[in-house]
Amino acid sequence: DAPPRDVLTGGDVGFRVLRGGVQRTAGFVAVNIIGAAAAVLLLRYLGVEDFGRYGTVMALLAVVQGISDAGLSLTGSRELSVRDSEAERRDLLAHLLGLRIVLTAAGVLVAVGFAWVAGYGRELVEGTAIAGAGIFLVSVQGAMLLPLMVELLNGRLTINEVLRPLALMICFVVLVVTGADLLAFFAAQLVAAAIVLAATPALLQRHRIVAPRWTRARLRALALTALPLALASVLGVLYFRILVILMSVLEDSPHEIGLFVTSSRITEIFIALPAILVGIVLPVLSVAARDNEVRLNFVTQRTTQVLGLLGVLFALVLCIGAEPIITILGGEQYAGAAPVLQIQCLALVTIFTAGAWTTTLVSMQRTRLLAWATAVGVLAVVVLG
């Protein structure tokens, strides 16, 4: 394999990025079609209150997944992009994997503890533990796939992104047909994660697989490098989910929680797209930030334009179509979520645009500024919430 430096500075790099963007966007569309079908099953089978309970636990675990990532994916992508030797990259990847295992395991335990202390009830506490095990497998597998991101092998990343929701969808169909209870839907998260992990060797190939390592000095250096971005990453995850968690604790009406969770879950579908596109251009920007300021400025400008336009487009689609979208997915019982969605969708404009700038800040190692900016957003959401 050619070193990442050659991959990211060759004459066809623009074509590779464009092709990767098309592949990942196609995967995003496929994932959302599958996700919409799964949402129809969940919304109609579980009902407003049980779907609210399910969504609350998944929002809590999404925070755990964000904390366990702690900026390691973006940091790892950047650091792997600028490493010159294969040995250096393998050692770095092994320590990234080791750190991800520790952080994710700790995060799942904290989530289970929070669910118990917050009085979620036995069923939801058990569901948090079971689905949390699935999140652990997904998180670890995500760290293993970092070489594909750096080498711009976006076709394989797209296959991986589609595989998990497809497996999850199949599990949901089986559970609905068999009349399963709520706890079984949390178990589906673990089954789907196990399927994806089993497919990882075929996606990576043997020479890219490394065993985790926990050398104290390397982990400390890696943690310090990732710390500002980790803080920004954690705050970013909280920004999207903190209101759902606050409502689960402060709101007495399960019906109101269910409507808010429904709107939030629909909005989250679109939030995933800027993260995907950011991951495609980050390796290129990282090398450009080191070697070529003109390319850095050019890619930043184009990324800002594309993501800004996409944010406006999706906000308009959700604002205009909120009522029919929710009615099609869940039926008339979820109609109360439409006005909420019409408000929440406006945030897509700034979220998409800021995604382009986030990538440039990371590539330039100005992650401390990014952490401060994200902290302002989270503080505003918590105070207003």
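**Exercise 1.** Is L250 buried or exposed?

*Solution.* Keep in mind that this is a predicted model. Start with the cut-off: a residue counts as exposed when its relative accessible area is over 50%. L250 has a relative accessible area of 63%, so L250 is exposed. Next, place this residue in the fold: L250 belongs to helix 9, which covers residues 216-250. Finally, look at its partners. Together with F114 and V249, L250 makes up a nonpolar patch on the surface, and the three share about 280 Å² of accessible area.

**Exercise 2.** Work out what kind of secondary structure the protein has.

*Solution.* Begin by counting elements: there are 14 helices and 0 strands. Then read along the sequence, where the pattern is α-α-α-α-α-α-α-α-α-α-α-α-α-α. Now turn to contacts between residues with a separation of 6 or more: 85% of them join residues 24 or more positions apart.

**Exercise 3.** Which residues touch the most other members of the largest nonpolar core?

*Solution.* First, the setting: 52% of the protein's 385 residues count as buried. The largest nonpolar core holds 66 residues, and Y54, F172 and F186 touch the most other members. Helix 2 (residues 13-69) gives this core its largest share, 17 residues. Now zoom in on F172. Leaving aside residues up to four places away in sequence, F172 touches A38, L41, L42, Y54, F185, A188 and Q189. One last step: there is also a second, separate core of 15 residues, with L93, V140, L148 and V210 among them.

**Exercise 4.** How much area does the protein expose?

*Solution.* The total is about 17,000 Å². Split by atom type, carbon and sulfur atoms supply 69% of this area.

Conventions:
Residues are numbered from 1 along each chain as its sequence is written. This is a predicted model: local features need pLDDT of at least 70, side-chain atom pairs count only at pLDDT 80 or more; totals for chains, interfaces and linings use all residues. Side-chain values use heavy atoms; hydrogens and water are left out. Patches are made of residues with over 30% relative accessible area and no salt bridge: like charges are joined within 9 Å, nonpolar side chains (Val, Leu, Ile, Met, Phe, Trp, Tyr) within 5 Å. Accessible areas come from the Shrake-Rupley method with a 1.4 Å probe; for residues, only the protein chains shown count as cover. A salt bridge is a side-chain nitrogen of Lys or Arg within 4 Å of a carboxyl oxygen of Asp or Glu. Helices (H or I, at least four residues) and strands (E, at least two) are DSSP runs, numbered from the N terminus. Buried means under 20% relative accessible area, exposed over 50%, partly exposed in between (1.4 Å probe, protein chains only). Contact means heavy atoms within 4.5 Å. A nonpolar core is a set of buried Ala, Val, Leu, Ile, Met, Phe, Trp, Tyr and Cys residues joined through side-chain atoms within 4.5 Å.
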